[in-house]
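Student: I've got the model open and I'd like to talk it through with you. Could you take my questions one at a time?

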Amino acid sequence: MSLNSHLNVLDFTLLSLLRRKFKNFGIILVFTFIVFITGSILFLSYSFKREALLILKGSPELIVQRMSAGRHELIPADISKEILKIPGVSGVEPRYWGYYYDPLVKANYTILASSETLPANNHLLQGRLPGPEDKGVAAVGRGVAKARFLDIGSSISLLSSGGDAMDFDVVGVFETESELLTADLIVLGQPDVVRLFRMPAGMATDLAVSVTNETEAPVIAGKIRYIFPDTRPILRKEIVRTYDAVFGWRSGLILTLFAGALVAFIILAWDKATGLSAEEKKEIGILKAIGWETSDIIEMKFWEGLVISLSSFLLGIILAYIHVYFFGASVFAPALKGWSVIYPDFRLAPFIDPYQIAMLMALTVIPYIASTIIPSWKAAITDPDEVVRG
Amino acid sequence: MRRSTVFGLFVLLCVCCLAALGVTSEIRVSRFLVQSRDLSGITAALKLTDISFSDDARYTRNPSQADIFSAFQDYPGSIEHFPSGSVTPPPDFSSLGAPITVKRR
């Protein structure tokens with residue numbers, strides 16, 4: 001068969017599809033939507049995962065929390081001296097942080113004590129961070145700045161656990177590009193955090209432990225757990241694994257949204273696969289009667305499946321890309337936002353996994369073509385007279 | 001124009017569109033990789049452990065620091081009442097070893 005005859009069959013198929021344009025455009029619309037939803041979830045979860053892994057590369061190797069009655073408790077800062085004696089530990093630093101509910105904007109902030117200064121060439125902070133011992137100054141995330149209309153030079157007032165208002169001059173504002181990390185942060189000097197939360201003297205929220213060789217971290221964590229049985233060491237590997245699970249292929253996000261789309265697609269494919277309409281059968285019978293071969297009919301049905309599934313796949317994947325990377329996954333935003341008041345206005349970096357796209361294509365285009373061809377093949381091998389009479 | 005030519009042009013247009021998005025993606029990713037050094041610098045300087053993805057509960061703001069059975073605070077697999085918790089899976093318990101079995105005498 002020459003190329004021209006294949007094109008003739010394709011021309012005929014397109015004409016036949018246009019004859020039933022409402023039905024076929026309906027299928028393309030549903031199919032595109034399924035690819036769009038599935039593609040958006042794949043793009044979103046993969047990019048989140050990759051970004052989280054890159055951003056959290058700088059996290060402490062080991063965090064030591066104290067547990068009391070099954071809950072996270074404040075930890076005595078002086079046990080850091082004991083931990084420092086463990087071979088392989090290069091440093092222990094207490095972290096002072098907590099959550100602050102602001103009734104003014106009904107939002108939760110994360111308050112954090114500054115411990116180090118940022119390098120001067122860091123472009124993601126306007127102004128500066130408060131020094132560890134600074135008092136009355138703060139650096140805020142872009143989300144907090146937007147919620148409280150803050151900028152460098154303005155001041156923010158917070159109510160301490162003791163009931164007295166504490167005023168802070170804003171000396172730094174994190175840039176929008178860092179929102180996924182800093183949106184709800186307020187960085188203060190350590191004495192201010194201790195006073196704001198009325199932390200007992202000598203207590204910290206948890207300890208950040210640095211180790212000389214990261215592969216030794218699990219052994220060090222085991223030793224810490226042995227010496228201080230009421231502690232819970234959290235490895236950087238575990239932090240990364242948490243985000244891997246949250247945004248992974250088996251994530252709740254996928255299960256919640258993909259399951260519905262998958263079921264819808266299975267119903268659509270099943271409907272196609274279980275039989276042809278009387279009109280389609282009649283068309284096949286007539287084509288056979290006027291001299292079409294079974295192979296021609298199968299080719300026509302192949303083109304039909306390909307036109308519908310390929311068009312839907314291409315449109316769906318392009319729309320999914322635009323949705324996730326240009327509009328910040330606005331369709332999923334309400335579910336992702338939850339009840340958060342301060343929500344990062346993130347623009348994800350478009351990390352694309354070609355394997356996932358190939359899988360999506362294999363799971364949508366090929367089964368659809370198969371479900372179009374098989375019933376047609378059954379009709380095409382039957383006697384035309386029998387097919388036309390039904 | 002033949003219908004097959006129109007279809008061919010449509011597919012070509014979509015493929016070109018995907019190629020253009022692929023190029024944009026490469027540019028944006030390389031820009032992000034440069035920026036991620038600054039982000040990682042902030043993480044290291046402030047000793048951050050979590051991304052500010054959802055701040056409606058402490059276990060959705062800091063999933064890596066929350067109780068071991070977060071985001072299902074009452075018991076593993078319980079129905080979550082925070083919308084963002086409903087898209088967070090229960091933790092992987094496979095590392096906890098085999099379940100305890102009671103032998104009959």
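**Strands, domains and the chain contact**

Student: Which residues of strand S11 (residues 185–188) of chain A point one way, and which the other way?
Tutor: Every one of these residues is buried, meaning that 20 or more other C-beta atoms, placed from the backbone, lie within 10 Å of its own (12 or fewer is exposed, in between is partly exposed). Strands here are DSSP E runs of at least two residues, helices are H or I runs of at least four, and both are numbered from the N terminus. One way go A:Leu185 and A:Val187, and the other way go A:Ile186 and A:Leu188.

Student: Before we go on, what should I know about the model and its numbering?
Tutor: This is a predicted model, where local features need pLDDT of at least 70 and side-chain atom pairs count only at pLDDT 80 or more, while totals for chains, interfaces and linings use all residues. Residues are numbered from 1 along each chain as its sequence is written, with chains lettered from A and ligands numbered from 1 in the order in which they are written.

Student: What is the bridge partner of A:Val140 in S11(A)?
Tutor: Strands pair if DSSP finds at least two bridges between them. S6(A) runs parallel to S11(A) over four bridges, with A:Ala113 partnered by A:Leu188. Strand S8 (residues 137–140) of chain A pairs antiparallel with S11(A) over three bridges, and there A:Val140 has as its partner A:Ile186.

Student: And S10(A): how many bridges join S9(A) to it?
Tutor: Strand S10 (residues 165–174) of chain A is joined antiparallel to strand S7 (residues 125–127) by three bridges. S8(A) pairs with S10(A) in the parallel sense over four bridges, where A:Ala138 is matched with A:Val170. Strand S9 (residues 155–159) of chain A runs antiparallel to S10(A), and A:Ile156 partners A:Phe168. The number of bridges between S9(A) and S10(A) is five.

Student: Which residue takes a positive phi in the hairpin of S9(A) and S10(A)?
Tutor: That hairpin has five residues between its strands. The phi is near 95°, and the residue is A:Gly163.

Student: How many Å separate the centres of the two domains of chain A?
Tutor: An automatic or database assignment gives the bounds: domain 1 is 3–55 + 247–389 and domain 2 is 60–234. Seven residues of domain 1 of chain A are in contact with twelve of domain 2, where contact means C-beta atoms, placed from the backbone, within 7 Å. Taken over C-alpha atoms, the centres are separated by 48 Å.

Student: Which element gives the largest share of the side of chain A that touches chain B?
Tutor: The contact takes 67 residues from chain A and 47 from chain B. Several elements of chain A give two or more residues, including helix H1 (3–19), helix H2 (21–55) and helix H11 (294–325). The largest share is seven residues, from H11(A).

Student: Why do H1(A) and H1(B) count as roughly perpendicular?
Tutor: H1(A) and helix H1 (residues 3–46) of chain B have axes 8 Å apart; axes are lines fitted to C-alpha atoms over the stretch in contact, and angles run from 0 to 180 degrees between N-to-C directions. Angles of 65 to 115 degrees count as roughly perpendicular, under 35 as roughly parallel, over 145 as roughly antiparallel and the rest as oblique. The label therefore follows from an angle of about 85°.

Notes
Contact = placed C-beta atoms within 7 Å.
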